[in-house]
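Work through the exercises below with the model open. Try each task before reading its solution.

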Amino acid sequence: MTMITSFLSVAQQVLILFILLTIGFICTKAKFFTEDCISGIAKFLLYTVTPCVIVNSFNREYDPTMLTGLGISFLAALGIHIFCIIITHLFMKDSEESRQIVLRFGTVFSNCGYMALPLQQAILGSEGVFYGAAFIAVFNLVNWTYGLFLMGGKETKITAKKVFINPGVIGICIGLLLFLTPLELPTLILTPVQSLAALNTPLPMLIIGYYMAKITSFSVLKDKKLVLSIFLRLVFLPLCVFGILYACGLRGTLFTSMVIAASAPTAANTVVFSAMFKRDSSLAVAQVAISTLFSILTMPLIVSLTMII
């Protein structure tokens, strides 16, 4: 597969997501969506749709090769997050603490659920989602430890409940039970799970479209620290991850799945956490929205590289 063919293949899938995103943008401008409405959809996605996506991707016949791949993807995702944290703390500094915290959080955490999963599903199928689920599990672990400590400060209490009892980890546990045992979901349960999993593509795009509509001016691009954060999130970190994973011998679906997750724009929960801990929410919204806009170009370029080597 040539570079151009690979790029067009990925770009087509990203364009589909962009069309859905645009619908969210238009609906927001038409005042169909409110902040409370989007908050409710986000919670529905987090607590219902994402676990269903993970469970559905694990609902397959046991394959020792894929189990090994799952372990590798888990370790790779953990390494990716640690690497992103180190690089971000070295380069992402700001004189204002609230801004620095938001910029670091949004640089470290990618939108591996809302943006990456739909793309993994479209390009790689259920196997890509299978490995992508491991990335989400690690994302949740790091998000509710490092992320919570970063946003909340030294006085924040990190509990085992927050770390291990969350939708992503619960979905992984149920999925592993199905994958490792002869147990099968009855049709009465499997059909609703598959129907809810199918919502994982359109609903996240509507949410991101809502954030895009919140950009009133591109003058925010004059903020050099914001631009640096987006460059690190969309270009520098994904290319570093690409090089490191390739040097480690990863190839094929697992490799592409990890790169997709690592090249996704700033995580949408940057806005949620910044509001929760009274940080710079307007900066978080700009970070999510602008990184998502530019990812329409950067993701196809980076992901297509994994498909030609």
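**Exercise 1. Classify the relative direction of α11 and α12, then describe their contact.**

Solution. α11 and α12 are roughly antiparallel to each other, because their axes cross at roughly 160° and angles over 145 degrees fall in that class. The structure is a predicted model. The axes come within 8 Å. The crossing of α11 and α12 is right-handed.

Next, list the residues. From α11 come Arg 233, Leu 234, Pro 238, Val 241, Phe 242, Leu 245 and Tyr 246. From α12 come Phe 255, Met 258, Val 259, Ala 262 and Ser 263. Then sort them by class: ten are nonpolar, one is polar and one is charged.

**Exercise 2. Decide whether Ser 263 is buried or exposed, and find its contacts.**

Solution. Start with location: Ser 263 sits in helix α12. Its relative accessible area is 0%. The cut-off for buried is under 20%. Ser 263 is therefore buried.

Now the contacts, leaving aside neighbours within four places in sequence. Ser 263 is in contact with Arg 233, Leu 234 and Pro 238, and also with Met 299, Ile 302 and Val 303. Arg 233, Leu 234 and Pro 238 belong to the α11 side of the contact with α12.

**Exercise 3. Find which residues have the most contacts inside the largest nonpolar core, and which helix gives the largest share.**

Solution. Begin with the core itself, which has 100 residues. Those with the most contacts inside it are Phe 58, Phe 109, Ile 207 and Leu 245. Helix α6, residues 126–152, supplies the largest share of this core, with 15 residues.

Then follow one of those residues. Beyond its neighbours within four places in sequence, Leu 245 is in contact with Ala 76, Ile 80, Leu 250, Phe 255 and Met 258. Phe 255 and Met 258 are in α12, and Leu 245 is in α11. As background, nonpolar side chains tend to be buried together in soluble globular proteins.

**Exercise 4. Describe how α13 packs against α4.**

Solution. Take the geometry before the residues. Helix α4 covers residues 97–108, and helix α13 covers residues 269–276. They pack at an angle of about 150°, with their axes 10 Å apart. That makes α4 roughly antiparallel to α13. α4 passes α13 in a right-handed crossing.

Now the residues. Val 102, Phe 105 and Gly 106 in α4 meet Asn 269, Thr 270, Phe 273 and Ser 274 in α13. By class, the contact has three nonpolar, four polar and no charged residues.

**Exercise 5. Repeat the analysis for α6 and α13, then examine Asn 269.**

Solution. α6 and α13 pack at an angle of about 35°, and their axes are 11 Å apart. α6 passes α13 in a right-handed crossing. On the α6 side are Phe 139, Asn 143, Trp 144, Gly 147, Leu 148 and Met 151. On the α13 side are Asn 269, Thr 270, Phe 273 and Ser 274. The class count is five nonpolar, five polar and no charged residues.

Then turn to Asn 269, which lies in helix α13. Asn 269 is buried, at 16% relative accessible area. Neighbours within four places in sequence aside, Asn 269 is in contact with Phe 105, Phe 139 and Asn 143. Phe 105 is in α4, while Phe 139 and Asn 143 are in α6.

**Exercise 6. Locate Gly 168 and find what it touches.**

Solution. Gly 168 is in helix α8, residues 167–180. At 3% relative accessible area, Gly 168 is buried. Not counting residues up to four places away in sequence, Gly 168 touches Ile 54, Ile 136 and Asn 140. Check one pair by distance. Gly 168 and Asn 140 are 28 residues apart along the chain, and their C-alpha atoms are separated by 6.6 Å.

**Exercise 7. Assign an exposure class to two loop residues, Ser 217 and Lys 31.**

Solution. Ser 217 lies in the loop between α10 and α11. With 33% relative accessibility, Ser 217 counts as partly exposed. Its C-alpha atom is separated by 9.9 Å from that of Ala 286, 69 residues apart along the chain.

Lys 31 lies in the loop between α1 and α2. Its relative accessible area is 69%. The cut-off for exposed is over 50%, and Lys 31 is therefore exposed. Finally, check the backbone: phi of Lys 31 is near 65°, a positive value in a residue other than glycine.

Technical notes:
Residues numbered from 1 in each chain as written. Predicted model: local features only at pLDDT ≥ 70, side-chain atom pairs only at ≥ 80, totals over all residues. Heavy atoms only, no water. Axes fitted to C-alpha atoms, helices over the stretch in contact; angles between N-to-C directions. Helix = DSSP H or I, 4+ residues; strand = E, 2+ residues; numbered from the N terminus. Parallel < 35°, antiparallel > 145°, perpendicular 65-115°, else oblique. Left-handed = near helix turned anticlockwise from the far one by under 90°. Contact = heavy atoms within 4.5 Å. Nonpolar A, V, L, I, M, F, W, Y, C, P; charged D, E, K, R; others polar. Core = buried A, V, L, I, M, F, W, Y, C linked by side-chain atoms within 4.5 Å. Buried < 20%, exposed > 50% of the residue type's maximum accessible area, 1.4 Å probe, protein only.
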